[in-house]
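Please look over the sequence and the structure below. The paragraphs after them go through a few features in turn.

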Amino acid sequence: MLPGIGVFGTGAVVKVLVPILRENGFKIEAIWSRTVQDAQEAAKDLTIPFFTNKIDDVLLRKDVDLIFVLCPPNLHAQISVKALGIGKHIVCDKPAGLSQADALKMVRAGQYYPTLISLINHSYRFLPAFTHMKKALKDNYLVSPVTLIDIRIQSGCLFSDSDSFDWKCDDTMGGGTLNLIGSHVVDLITYLTGQKAIRVHGLVRTFTKNTENINGIRNISAPDFCTFQMELEHGILVTATLNSHTVGTTFQQEVMICSSTGHLVVRGGDLFGRRNKGNEEVIYLDVEDLQCPVPNSILPKTFVKGLCKMVSALREAFLPVNEKAGWIKEPVCSAANFEDGLYVQAVLSAIRLSSQTRQWVKVKVMTEQPDQNELLSAVVRRTAISIS
């Protein structure tokens, strides 16, 4: 049996995701938005029977067992933690909350309820080109050890000129190239290599600060360009350039993994390889069309295809189990979990700090919630010492 779906959010991802879910046999029972009007319009457009602007109205529905959290990042932790506590499965959009503190709350909730699915929507892990790339690395295609990973992604503006100011325009609210594209890149590197970053160096810039509809007292703070280097655990160097400071909606990506004897490279959705001074060969060509009808979207085709594959994996996880909320782990074992989301947040915050200080910064993954009142805590500690 497949679980009923509750969706939080009404953005571009939702409009693409709902047809994909239906094609895979899922039933969407409810949708939430910050305003009743937005929720009503989305429910009408997507033919969803129930809409609301109250979080609990979706979470407490008995016909909803799987929650997709695709709303602004400031609500990711709140909804995910509450949903897991009620006994609902969770797929949360990237990045995991606004900070490491948010992501850590989600990690703790996921650890407390290990029988529930708790995943982050890093759909690049399911894109066929990257699954083939990972397999080629595992099969020792490059012969010698990986030394360098070079990533270049170019996209159009992450919000349209007709948009009014919202969270996507604000860096602290989870918007911008580093959060929305960089989070995918950081997670993808860990997925492909199995290694994590020790230290990073980054440069983050906001070139477009106003548009025709966003001007006056409010300026765009979300970065539209970033470049960063990462040094991984076993000495691999990663360099990435992410640019959404372009006109139009074109999307180009190139992910190249190099060794002293050859390279593997994904261009768009195709995988190529070269080794031992031979010619570049085709390893995988993305000729497969999308199996489900999705509306025209600003989302890149590679992202949409990865989303399709991830939903198919969720279907395989739930389908063999007779209980409505039961699932098996194997189909989704390669998906990003909340711990991966916490690590990504640690890397993103280190890149931001590096951009401010203009120096290399160590990646520190948070293990305890930060003290909300350090001054008061220091006074209490001194008092306790003096009493003892």
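**A walk through the model**

This is a predicted model. We start with leucine 237, which is found in strand 10, residues 237–243. Leucine 237 counts as partly exposed because its relative accessibility is 36%, and partly exposed is the class between under 20% and over 50%. Together with Leu148 and Trp360, Leu237 forms a nonpolar patch on the surface. The accessible area of the three together is about 250 Å².

Next come the pockets. The second largest pocket has a volume of about 330 Å³. Its lining is made up of 19 residues, and the closest to its centre are Ser118, Leu119, Trp327, Lys329 and Asn337. Which elements supply at least two residues each of this lining? They are helix 5 (100–112), strand 6 (118–121) and helix 9 (338–357). By residue type, the lining of the second largest pocket divides into 10 nonpolar, five polar and four charged residues.

Charged side chains also pair up elsewhere in the account. The count of salt bridges comes to 14. One of them is formed by arginine 61 and aspartate 63, whose closest N and O atoms are 2.9 Å apart. Arginine 61 has a relative accessible area of 22%, so it is partly exposed.

Another salt bridge joins arginine 125 to aspartate 340, with 3.6 Å between the closest N and O atoms. This pair links distant parts of the chain, 215 residues apart. Arginine 125 is in the loop between strand 6 and helix 6 (128–138), while aspartate 340 is in helix 9. Are these two residues buried or exposed? Both arginine 125 and aspartate 340 are buried, a class that stands for under 20% relative accessible area.

A third example is the salt bridge between the side chains of arginine 267 and glutamate 280, at 3.0 Å from N to O. Arginine 267 lies in strand 12 (residues 262–267), and glutamate 280 lies in the loop between strand 13 (270–275) and strand 14 (281–284), so the pair ties together parts that are 13 residues apart in sequence. Arginine 267 counts as partly exposed because its relative accessibility is 30%. Glutamate 280 is also partly exposed, because its value is 35%. Salt bridges can share partners as well: those that do so join Arg125, Asp187 and Asp340 into one network.

The last topic is the backbone. Where does a cis peptide bond occur? It joins lysine 94 and proline 95, and its omega is about -15°. Proline 95 is found in the loop between strand 5 (89–93) and helix 5, and helix 5 is one of the elements that supply the lining of the second largest pocket.

Two residues are described here for their phi angles. Threonine 47 has a phi near 55°, which is a positive value in a residue other than glycine. Threonine 47 sits in the loop between helix 2 (36–46) and strand 3 (50–52). With 60% relative accessibility, threonine 47 counts as exposed, since exposed means over 50%. Arginine 358 is not a glycine either, and its phi is positive at about 60°. The place of arginine 358 is in the loop between helix 9 and strand 16 (361–362). Arginine 358 is exposed because its relative accessible area is 68%.

Technical notes
Residues are numbered from 1 along each chain as its sequence is written. This is a predicted model: local features need pLDDT of at least 70, side-chain atom pairs count only at pLDDT 80 or more; totals for chains, interfaces and linings use all residues. Side-chain values use heavy atoms; hydrogens and water are left out. On a 1 Å grid over the protein atoms alone, a cavity is a set of points where a 1.4 Å probe fits but cannot get out, and a pocket is an open set with protein on both sides within 12 Å along at least five of seven lines; lining residues have an atom within 4 Å of a point. Grid points are joined across faces, edges and corners, and a volume is the space filled by probe spheres set on the points. Helices (H or I, at least four residues) and strands (E, at least two) are DSSP runs, numbered from the N terminus. Ala, Val, Leu, Ile, Met, Phe, Trp, Tyr, Cys and Pro count as nonpolar, Asp, Glu, Lys and Arg as charged, and the others, Gly among them, as polar. Patches are made of residues with over 30% relative accessible area and no salt bridge: like charges are joined within 9 Å, nonpolar side chains (Val, Leu, Ile, Met, Phe, Trp, Tyr) within 5 Å. Accessible areas come from the Shrake-Rupley method with a 1.4 Å probe; for residues, only the protein chains shown count as cover. A salt bridge is a side-chain nitrogen of Lys or Arg within 4 Å of a carboxyl oxygen of Asp or Glu. Buried means under 20% relative accessible area, exposed over 50%, partly exposed in between (1.4 Å probe, protein chains only).
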